[in-house]
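Biologist: Thanks for joining me. Could you walk me through this one, a few questions at a time?

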Amino acid sequence: MGNKSFRQSMAWLHTWAGLLPGWLLFIIFLFGTVAFFQQEISGWMRPELAGRAVSDTALRAASRLLVAKAPGADRWIVTLPSDRGGEPLTVTWKSGTGEAAISGKAILDPTSGREIAVRDTRGGWFLYRFHFELHYIPYWLAEILVCAAALAMFVAILSGIVTHKKIFVDFFIMRFGKGQRSWLDVHNVTAVLALPFHLMITYTGLVTLLFTLMPWAISVQFPSRESYFQAAYPPGPERASQGEMIAPLSLDQVVDRAKVLQGGVAPGRIIVEHPGDVASVIQLWPSPTRIGGTSDALYLDGSTGRAMQMPPASGMATASRGVMIDLHAGRFSGPVLRWLYFLSGVGGTMMVASGLILWTVKRRTKLPDPVRPHFGFRLVERLNIGIIAGSCAGIPVYFLANRLLSLSMAHRADWEINSLFIAWGGLFVWTLARPAKRAWIEALTVCAALYALVPIINALTTARGLVPSLIAGDWAYVGFDLVMLATAAACTFTAWKVANRKAMALPRRKARVAVEAAL
Amino acid sequence: MIHATTFLLSLTGFALLLLAMARHQQDWLRRKLPPSLGNGLRLSGFAALALGFLFAGVGLGWAYGAIVWFGWLTVAAALVVTVNTNRERIVRKVQP
C-alpha cells in the first residue's frame, strides 16, 4: 500500500467518520462549550440569588433552621454552591423510610442566609447534562449514541491529521471568498489552531465514558457494576444512634474543620447522620475545584468534630482517570482559563460545522443536476440547516423562557427545556419549506434576533439588566449579556455574508469554454 | 500578569514563525529574506513559544500552567491568522 493510497483511504475515513455522527457531534460540542460556563448560566437563570460565596452567617442560619425544623431527623443534607455561585444553599432533612418517611427542604441565599424563593429551573445544569445524555430519549440509548459519536470524533481527528497535507505550510493561511477552498481553510484553521484542545477534549471525553466503552475489566472481576463500586468506593464509618442527645456542631464550624483538615478545600455537600445524637457522623463531599483533587468524602465525628476517616489516596488508575475527567470538565479553572476553554470550544464547534458544510460545498459543483440534487445531498443540506442553525436558536429561547414563563407554572423547569426544543423543531420545519440559501439567511436572522432579545428581556423583567450590573460590577451578569450580544452580532454577520455571497464563478476552464462558445 | 506574558510571548512566537516562511515574507516584506535569517526567525519563534511555557509553568504551576499555555497558543495563533488574512486591508491603512 503506497503512501498516496494510505492518505486517500484516510481521507475517505475522515469524510464518513465525520459526516455520519456529525450533527450529534455538533450538538455535543455546542452544548459542551456552553457548559464551561454552567455555574455562571445557572446564576443568570436564578436572578433571585443575590449572593454567591457561602458565608459563615448563612451556614449558621442553616444550622438554626435545621435545629428548629428537624431536630430529630435521621439525616440532614446541605448542598453548598462553589465560589462561582449559581446555586442556592439548600438544606434537606429526612426521617423514616417507606410510607412513614418525612422530608423537608429549605432554600437559602448563600451569602445572607435568608430563606428565599428561587424560580424552578434546571439552569446551566441542563445544558451540561444534555451534551452527553441528550433529552427525551432513554439514558442507555443516549449513552450508545454519544459513545459512538465520540469514538468517530477521535477517528475523524486522527485521520484528519493524516489527510491534511500541509499542516505547517498552510498554518497561517485562510483565504476568503473562494468557495470550497475557503470552507476547507476555515475547517483546517479551526482544527489545527486548537488541535491540542480537540485531541484532549475528545480523548478525555472517551475516558468519561470509560465504563460504558470498556466494561470488561469490571465484568470479569465483579458480578455487577454495583459490587464494583462497593469495592472501589467502600462506605465510610457508620454508627447506630445511641439516643443521647447533645447540641449538634454548627455547620460553619464543620466547614472550618474540613478546610483545616483538607488544606482549604471547601465541601460541596454535607450529610449529617443522626444529627444531635452523640453517635452522629458527618460526611463532607468535596466540590471538584482542583485538578486531580479527591472525590471521596471526609468523615467527622458529629459530636466532637474529630476526623474519623480522611479521604483515601486513590490508586494510579483512578487518579489518572480523575485527572482526565477534571481536564475535560475544566471545573478547576480560574476565570481566564475558563475563557480559554470556551474559545477553544467555540473553535471546535466551528470545526464540526464547517466540516459538515464543506461536505455539501464540495459536492454541489459536481452534481449532475444542481437544480434537483439527489436525496443524500438534500438530506445533508437540510440536516445542516436544521441542526446547526436550529440548535443555535434553541439556546436563547431557553434563556428567554426562563424570564418569561410564569413563576407559578407547574413543571416550569420542564417547560423551559421544552421551549428550547419547540423553537428548534419549529425552525427546523420552517427551513424545510424554504430554498436552502433563503433558509440559512432566515434561520440565522432568527438566531440573531433571539440572542439580541435576551439582554433586553432580562433588563425588562429583572432589576439586573446590563447597566445596573455594570454599575454593581456584577461581571457574571455583564459577561452573560455581552456574550449574548456578541453572538447576535456573529449571527447577523454570517447571515449578511450568506446573503451577499455571489453565485460561485465558474472554474476558469469552464468559463473560457463558455466565452469561446459565445464568440 | 503571567497570563499576559504568556499570551504576548506566544503572539511574538507565532509572528516570528510567520515571518520565517518565504511565502509570507513575500506578502509582508515584498522580498524573500536570506535562508539564514529565515532560520534565525524560526528558531527565535520557537524559543518565544518555549519561553511562554516556562513562564506559565513557573508562574502558575506546571499542571495548570501547561493547560493555560495551550489555551494562549490557540488564541495567539488565531490572532496571527486573522491579521495575516486581512493583510491587504491593514497594508492599505498603514500606507494609503
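Modeller: Gladly! A word on terms before we start: two strands pair if DSSP finds at least two bridges between them. Please keep in mind that this is a predicted model.

Biologist: Then let's begin with pairing. Which residue is the bridge partner of A:Thr90 in strand 3 of chain A?

Modeller: A:Thr90 falls within strand 2 of chain A, residues 89-95, which pairs with strand 3, residues 102-108, in the antiparallel sense over seven bridges. The two strands form a hairpin with six residues between them. Across from A:Thr90, the bridge partner in strand 3 is A:Ile107.

Biologist: Nice. Which residue in the turn of that hairpin, between strand 2 and strand 3 of chain A, has a positive phi?

Modeller: Six residues separate the two strands. One of the residues in the turn has a phi of about 65°, and that is A:Gly96.

Biologist: And strand 6 of chain A: which residue of strand 7 stands opposite A:Tyr299?

Modeller: Strand 6, residues 298-301, is joined on one hand to strand 5, residues 281-286, by four antiparallel bridges, with A:Ile282 opposite A:Leu300. Strand 6 is also joined to strand 7, residues 307-309, by two bridges, again antiparallel. In the hairpin of strands 6 and 7, with five residues between the strands, A:Gly305 takes a positive phi near 85°. The residue of strand 7 opposite A:Tyr299 is A:Gln309.

Biologist: Some residues other than glycine have positive phi too. Is A:His411 buried or exposed?

Modeller: A:His411 has a phi near 50° and sits in the loop between helix 15 and helix 16 of chain A. A residue counts as exposed if 12 or fewer other C-beta atoms lie within 10 Å of its own. A:His411 has 10 of them, so it is exposed.

Biologist: What about B:Arg30, buried or exposed?

Modeller: B:Arg30 is not a glycine either, yet its phi is positive, at about 60°. This arginine lies in the loop between helix 2 (22-29) and helix 3 (35-60) of chain B. With 8 C-beta neighbours inside 10 Å, B:Arg30 counts as exposed.

Biologist: Let's go inside. Between which domains of chain A does the largest nonpolar core lie?

Modeller: The largest nonpolar core has 108 residues, and those with the most contacts inside it include A:Phe26, A:Ala389 and B:Val80. Helix 15 of chain A, residues 375-404, provides the largest share, 12 residues. Both domain 1 (1-46 + 121-232 + 333-364) and domain 3 (369-519) give residues to this core, so it lies between domain 1 and domain 3.

Biologist: You mentioned B:Val80. Leaving aside its neighbours within four places in sequence, which residue of chain A is B:Val80 in contact with?

Modeller: With those neighbours set aside, the contacts of B:Val80 within chain B are B:Leu11, B:Phe14, B:Ala15 and B:Leu18. Its contact in chain A is A:Phe172.

Biologist: That takes us to the interface. Which helix of chain A gives the most to the side that touches chain B?

Modeller: Here 16 residues of chain A are in contact with 18 residues of chain B. Helix 7 (180-193), helix 8 (195-208) and helix 14 (335-364) of chain A each supply at least two residues of that side of chain A. By class, this side of chain A has 14 nonpolar, two polar and no charged residues. With seven residues, the helix that gives the most is helix 14.

Technical notes:
Residues are numbered from 1 along each chain as its sequence is written. Chains are lettered from A and ligands numbered from 1 in the order in which they are written. This is a predicted model: local features need pLDDT of at least 70, side-chain atom pairs count only at pLDDT 80 or more; totals for chains, interfaces and linings use all residues. Two residues are in contact if their C-beta atoms, placed from the backbone, lie within 7 Å. Ala, Val, Leu, Ile, Met, Phe, Trp, Tyr, Cys and Pro count as nonpolar, Asp, Glu, Lys and Arg as charged, and the others, Gly among them, as polar. A nonpolar core is a set of buried Ala, Val, Leu, Ile, Met, Phe, Trp, Tyr and Cys residues joined through C-beta atoms within 7 Å. A residue is buried if 20 or more other C-beta atoms lie within 10 Å of its own, exposed if 12 or fewer, and partly exposed in between; C-beta atoms are placed from the backbone. Domain bounds come from an automatic or database domain assignment.
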